[in-house]
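Please work through the exercises below with the sequence and the model side by side, trying each task before reading its solution.

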Amino acid sequence: MNHRPDNTPRSEYRLTEWEREWEIHKHQRAAERARKGPILRAMRRGFMLRCPNCDKGRLLTGFLTPSKSCGHCGEAYDHIRTDDFAPWLGIFVIGHTLVPLAILVETLFAPSLLVHLLLWVPIGLEMVLLFLPRAKGMGLGFMWALGLRGDEHQY
């Protein structure tokens, strides 16, 4: 029988192959996370577009293209896939900032539609251009600190 009954002592219970793999995986991940340091520090460094490991090298080579590795410490990033995290976070943050401001301006001043268009489109574009790379860096820092690659599966 593979599953341990509630009353069976741990010493008499034999782990399944899957459980052994998971135990090894948990211990490796814990050791890797301890080596990398706090998650929030890595996210902050990523938000500043710096290497989450040493805080000296550049994290992105282009607008949203991650570096293959840090130019200062050599930490590799090309295996981390953040995919849709940066756009999702950008929509979440920018949308929850611009929409209340637009409603507030409409309520207080009731400008014409043309004024709204001339006001919110440039502000929105500027926010996207400033925030999107930082969201990408923050996602890379978060995934780097947890040892994730972006193609994980559930155990």
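Three exercises with worked solutions follow.

This is a predicted model, in which local features need pLDDT of at least 70, side-chain atom pairs count only at pLDDT 80 or more, and totals for chains, interfaces and linings use all residues. Residues are numbered from 1 along each chain as its sequence is written, and side-chain values use heavy atoms, with hydrogens and water left out.

**Exercise 1.** Find which helix gives the most to the largest nonpolar core.

Solution. Begin with the term: a nonpolar core is a set of buried Ala, Val, Leu, Ile, Met, Phe, Trp, Tyr and Cys residues joined through side-chain atoms within 4.5 Å, where buried means under 20% relative accessible area, exposed over 50% and partly exposed in between (1.4 Å probe, protein chains only). The largest such core has 13 residues, and those with the most contacts inside it include Cys70 and Trp144. Helix H4 (residues 113–146) contributes four residues, the most to this core; helices here are DSSP runs (H or I, at least four residues), numbered from the N terminus.

**Exercise 2.** Determine where the buried residues of helix H2 lie around its axis.

Solution. In H2 (residues 39–47), the buried residues are Ala42, Met43, Arg45 and Gly46. They lie on the same side of H2, because their arc, taken from the directions from the helix axis to the C-beta atoms, spans only 165 degrees.

**Exercise 3.** Identify the salt bridge partner of Glu17.

Solution. A salt bridge requires a side-chain nitrogen of Lys or Arg within 4 Å of a carboxyl oxygen of Asp or Glu. Glu17 pairs with Arg20, their closest N and O atoms being 2.9 Å apart.

Conventions
Helix = DSSP H or I, 4+ residues; strand = E, 2+ residues; numbered from the N terminus.
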